[in-house]
Amino acid sequence: MAAAWALLAVMLLAVQAASAAPVMAPAFLWAPKNYGFSSDGAKEVVHYQTISPKSLAKSVLQEGGWSSLVCSTEDAHKDVDVAIVFLGSKLQSSDISKDKQADPALADTLKLSFTSSEFSMAFPYVATTDDEKLENSFLSGFSENCNSGFEGKHITYTDTCAVSGEDLKKHHSMDSISDLVMARMGNNPSGQTDVIVFCSGGFEDLDQSEGELLSELVAMLKKSGAKYTILYASQPSGESPSNVPLGRFLAEKTNTTKPGLGKCEGECLVKSTLLEGTFVGIVLLIILISGLMCMMGIDTPSRFEAPQES
């Protein structure tokens, strides 16, 4: 009996270990104009698969058209002046579908940018961990997936980014970024796009929420007249919430999702099969234990009386 209860405890621990997953955070990629990123007019496209930050970087390069922005190609993308990588630290996947937002400015800016842009993509489930900073994961992903080499000399960072290296240029205020954008406008003979990475908090000496900073950045880019594209991603910490509300929310709000993108495949299929098998195993184990306990509770006599002769 003790062995059966020990086996049940081991199974429950296995279920907890299987269900422990990295924190899920959303990512959004958009550009006010297509700029040739997609020939079929990708607008409000949603990828429901669970992906890693490096897989996100690969999708941004291949499907988002950023390979011509950050990779060392001879045919540089002359239609984009600046590409922004905005890395937050608060937003989780389940937060998008909530009525009451902790940072309303962030939610409003993301929703408005996603729905009003000619080119927009969403990745609701990016599995993030605290093992590696998001900016380093993106840089590794870009470097691994740029077939012609990774062009890093045109990438600048805010002073909160945890990156190191020689000749790194870091921005300490929004004015510095505005000056860079204005300097590139009409004075970029090489056609190379500047990539600016905003890390958590934006700037060290700044008391603004992520939403206020992102909204100010978008307003500055629109006012400058620059051709831009923005990738927003988040690396929150804490328990991973349920993924169901966000999937339902995006399915209801998005009418132009491409066929096949909402299917459960790959890692999603493996996880669902594993959980289904685990739950079935637990039910069968409980039935087995209950049956053994019932059999052990049956009292039968150790000897029987001899039948009386009539």
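User: What makes strand β1 and β8 count as a pair?

Analyst: In this predicted model, four bridges join β1 (residues 23–31) to β8. Two strands pair if at least two bridges are found between them, so the criterion is met by β1 and β8, which run antiparallel. Within this pairing, leucine 29 has leucine 231 of β8 as its bridge partner.

User: How do you know that β3 and β8 pair as well, and in which sense do they run?

Analyst: Seven bridges join β3 (residues 82–88) to β8, against a requirement of at least two. These two strands run parallel. Isoleucine 84 is found opposite isoleucine 230 of β8.

User: Why is the pairing of the sheet called mixed?

Analyst: The eight strands follow the order β2-β4-β1-β8-β3-β7-β5-β6 in an open sheet with mixed pairing. Both senses are present: β1 runs antiparallel to β8, whereas β3 runs parallel to β8. Another parallel pair is formed by β5 (residues 155–158) and β7 (residues 194–198), over three bridges. There, tyrosine 157 has valine 197 of β7 as its bridge partner.

User: What makes β2 and β6 edge strands?

Analyst: In the order of the open sheet, β2 and β6 are the end members. Each of β2 (45–46) and β6 (170–171) has a single partner strand, so one side of each lacks a neighbour in the sheet.

User: How do you know that helix α2 packs on the sheet, and on which strands?

Analyst: Helix α2 (residues 53–62) touches β1, β4 (119–128) and β8; a contact requires heavy atoms within 4.5 Å. The direction of α2 makes about 165° with that of β4.

User: Which strands does helix α4 touch?

Analyst: Helix α4 (residues 104–116) packs on the sheet through β1, β2, β4 and β8. Its direction makes about 50° with that of β1.

User: Why is strand β8 called mostly covered?

Analyst: A residue is buried when its relative accessible area is under 20%. In β8 (residues 228–234), seven of the seven residues are buried. Tyr228, Ile230, Tyr232 and Ser234 point one way, while Thr229, Leu231 and Ala233 point the other way, and all are buried. This arrangement has a general basis: side chains of a regular strand alternate between the two faces of the sheet.

User: How are helices α6 and α7 oriented to each other, and why?

Analyst: Helix α6 (residues 174–184) and helix α7 (residues 210–224) pack at about 25°, with axes 11 Å apart. Angles under 35 degrees count as roughly parallel, and α6 and α7 are therefore roughly parallel to each other. Their crossing is right-handed. Among the α6 residues at the contact are Met174, Ile177 and Val181, and the α7 residues include Leu213, Leu217 and Leu221.

User: What makes the packing of α2 and α5 oblique?

Analyst: The angle between α2 and helix α5 (residues 134–145) is about 50°, and their axes are 8 Å apart. That value is not under 35 degrees, nor over 145, nor from 65 to 115; α2 and α5 are therefore oblique to each other. The crossing of α2 and α5 is right-handed. Leu56, Ala57 and Leu61 are among the α2 residues that meet α5, where Phe138 and Phe142 are included.

User: How much of the annotated "transmembrane region" is helix?

Analyst: The UniProt annotation, from an unreviewed entry, covers residues 278–298. Over this span the model is 90% helix and 0% strand, with the end C-alpha atoms 31 Å apart.

Note on methods
Residues numbered from 1 in each chain as written. Predicted model: local features only at pLDDT ≥ 70, side-chain atom pairs only at ≥ 80, totals over all residues. Heavy atoms only, no water. UniProt positions renumbered as here; feature names shortened; annotations may be inferred. Buried < 20%, exposed > 50% of the residue type's maximum accessible area, 1.4 Å probe, protein only. Axes fitted to C-alpha atoms, helices over the stretch in contact; angles between N-to-C directions. Left-handed = near helix turned anticlockwise from the far one by under 90°.
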